[in-house]
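Biologist: I've got a protein on my screen and a pile of questions. Could you walk me through it?

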Amino acid sequence: MPLFEKADRLKELPPYLFKEIDRKKKEVMARGVDMIDLGVGDPDIPTPQHIVQAMKQAVDDPRNHGYPSYSGMEAFRETVARWYNRRFGVDLEPLTEVISLIGSKEGIAHFPLAFINPGDIALIPTPAYPVYRNATLFAGGAPYFMPLVRENHFLPDLDAVPEDVADRAKVMVINYPNNPTSAVADLEFFKRVVSFAGKHHIIVCHDAAYTEMAFDGFRPPSFLEVEGAKECGLEFHSLSKTYNMTGWRLGFAVGNAQGIAGLGAIKSNIDSGVFQAVQVAGIEALEGNQACVSEMIEIYEARRDLMVHGLEEAGLETITPRATFYLWVQVPQGYSSTSFAERLLEEAGVVVTPGNGFGEPGEGYFRIALTKDKERLLEAIARLKAMKF
Ligand SMILES: Cc1ncc(COP(=O)(O)O)c(C=O)c1O
């Protein structure tokens, strides 16, 4: 086979830190171990039936079989605008301030191509969803990492960004409720972000994929609720977690019209929009009966309580999350993120994600995704308790 040299942009990507754990996972699985995988953030609950039914009907309709509009059906964008108004009290102009996405990941990954030139700085949190960094690199940009540490409630310390870096930065990414730390942000923080972005002429991208997955009655705010936010930023949203639709690939970006137009210009040269039947299902999801969202919250809240309690009994220190289906747990003394995750896998058959895989300040933590039912979580706890560390 001839060797095809990969493009520099692929070679530039940092090493994949989950390689060793993936290899171990296969090895443990091959031994026939009953593995409990709490590694991936993919809901185990099916998409609600009324959404599935809407999709089925829409698939039968030939009007949905052609190329969709690049930016999304007007009916979908109007639905998103109404949802934003109901949920956050934010007004959006459907045709210029809303765009459909093939999952929020797609929009987040394409956005830097619209605004980052080679050498431009993007302020990126760390630990974080790796797409922010990698998409910046693909666009030739230079990520400047903002550490998320416990002492600062896993919020970036904006005052710690050097003045010359802030002045040269073009884009800043934030994500609350946060993956992987499960931290939440309040409007005070978003206000500081808006004022920082205004001062340094930065476009803010807020990844809001988890705003609907929050507990104890907490309703995470939208970044766009802050006065002036629309002048400097966009919010990326997803139906994946709220409606258990990860496989359907539907999300949207809203906010600053120039940002939306730039993203749209890139997308129209790469993809041809979201299958209309999926958008029709999305309209049903956002506009239909929302009891499924409360049920989803109840399920994860119960799993969270069970797991936090179980981890404490096993002697592990964790923070009780107010949102997301992740637990960000400190590794016991004497271990690194990787060595502890490997031991859990080897001895307990439990898969977790080592925190350093999300960025260097994630060292000393591991992430648990609450994506298995209570019975399996109890089994995981029992195995953890049987270990000595
Ligand atoms: C923080 C965060 N943003 C975005 C996404 C992408 O979600 P989707 O592309 O399914 O909308 C994920 C998925 O896990 C995520 O954790």
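What follows is a chat about this predicted model, one question at a time.

Biologist: Let's start big. How many helices and strands does the protein chain have?

Modeller: Keep in mind that this is a predicted model. Counting up the secondary structure of the protein chain gives 15 helices and 12 strands.

Biologist: Does the radius of gyration of the protein chain agree or disagree with that of a compact globule?

Modeller: For 389 residues, a compact globule would come out near 21 Å. The box around the C-alpha atoms, along the principal axes, is roughly 60 × 55 × 55 Å. The protein chain has a radius of gyration of 21 Å, so the two values agree.

Biologist: And what share of the 389 residues counts as buried?

Modeller: A residue needs under 20% relative accessible area to be called buried. The whole protein chain has an accessible surface of about 17,200 Å², with 53% of that belonging to carbon and sulfur atoms. As for the residues that count as buried, the share is 57%.

Biologist: Take contacts between residues at least 6 apart in sequence. What percentage join residues at least 24 apart?

Modeller: Here we look at pairs in the protein chain and ask how far apart they sit in sequence. The share joining residues at least 24 apart is 75%.

Biologist: Now for salt bridges. How many does the structure hold, and which residues are linked with Asp34 in a network?

Modeller: The total for the structure is 25 salt bridges. One of them joins the side chains of arginine 383 and aspartate 34, at 2.9 Å from N to O. Along with Asp34, the network takes in Arg376, Glu379 and Arg383.

Biologist: How many residues apart are arginine 383 and aspartate 34?

Modeller: Arginine 383 is in helix α15, while aspartate 34 is in the loop between α2 and β1. Arginine 383 is buried at 16% relative accessible area, whereas aspartate 34 is partly exposed at 43%. The pair links distant parts of the chain, 349 residues apart.

Biologist: Which helices hold glutamate 106 and lysine 267?

Modeller: These two residues form a salt bridge, with their closest N and O atoms 2.8 Å apart. Glutamate 106 is buried at 11% relative accessibility, and lysine 267 is buried too, at 2%. They are 161 residues apart in sequence, so the pair ties together two separate parts, namely helix α6 for glutamate 106 and helix α11 for lysine 267.

Biologist: Is aspartate 216 buried or exposed?

Modeller: Aspartate 216 makes a salt bridge with arginine 304, the closest N and O atoms being 3.0 Å apart. Aspartate 216 is in the loop between β6 and α10, and arginine 304 is in helix α13. Arginine 304 is buried at 3%. Exposed means over 50%, and aspartate 216 has 54%, so it counts as exposed.

Biologist: There's a ligand in here too. Which residues come nearest to it?

Modeller: There are 14 residues around the ligand. A polar side-chain atom of aspartate 207 lies 2.5 Å from a ligand nitrogen atom. Oxygen atoms of the ligand have partners as well: a polar side-chain atom of serine 238 at 2.6 Å, and one of arginine 249 at 2.7 Å. The nearest residues are Asp207, Ser238, Ser240, Lys241 and Arg249.

Biologist: How much of the ligand's accessible area does the protein cover?

Modeller: On its own, the ligand has 400 Å² of accessible area. The part of this that the protein covers is 92%.

Biologist: Back in the protein, how far apart in space are isoleucine 203 and methionine 172?

Modeller: Isoleucine 203 is found in strand β6 and is buried at 17% relative accessibility. Leaving aside neighbours within four places in sequence, its contacts include Phe111, Val171, Met172 and Leu234. Isoleucine 203 and methionine 172 are 31 residues apart in sequence, but from C-alpha to C-alpha the distance is 6.2 Å.

Biologist: Last one: which residues is glutamine 276 in contact with, leaving aside its neighbours within four places in sequence?

Modeller: Glutamine 276 lies in helix α12. With a relative accessible area of 15%, glutamine 276 is buried. Its contacts, with those neighbours set aside, are Arg63, Asn64, Pro68 and Met73.

Key
Residues are numbered from 1 along each chain as its sequence is written. This is a predicted model: local features need pLDDT of at least 70, side-chain atom pairs count only at pLDDT 80 or more; totals for chains, interfaces and linings use all residues. Side-chain values use heavy atoms; hydrogens and water are left out. Helices (H or I, at least four residues) and strands (E, at least two) are DSSP runs, numbered from the N terminus. Buried means under 20% relative accessible area, exposed over 50%, partly exposed in between (1.4 Å probe, protein chains only). Contact means heavy atoms within 4.5 Å. A salt bridge is a side-chain nitrogen of Lys or Arg within 4 Å of a carboxyl oxygen of Asp or Glu. A residue is near a molecule or strand if one of its heavy atoms lies within 4 Å of it. A polar contact is a pair of N or O atoms within 3.5 Å; within protein, one must be able to donate a hydrogen and the other to accept it, and residues adjacent in sequence count only if both atoms are side-chain atoms. Accessible areas come from the Shrake-Rupley method with a 1.4 Å probe; for residues, only the protein chains shown count as cover. The radius of gyration is taken over C-alpha atoms; the globule rule is 2.2 Å times the number of residues to the power 0.38.
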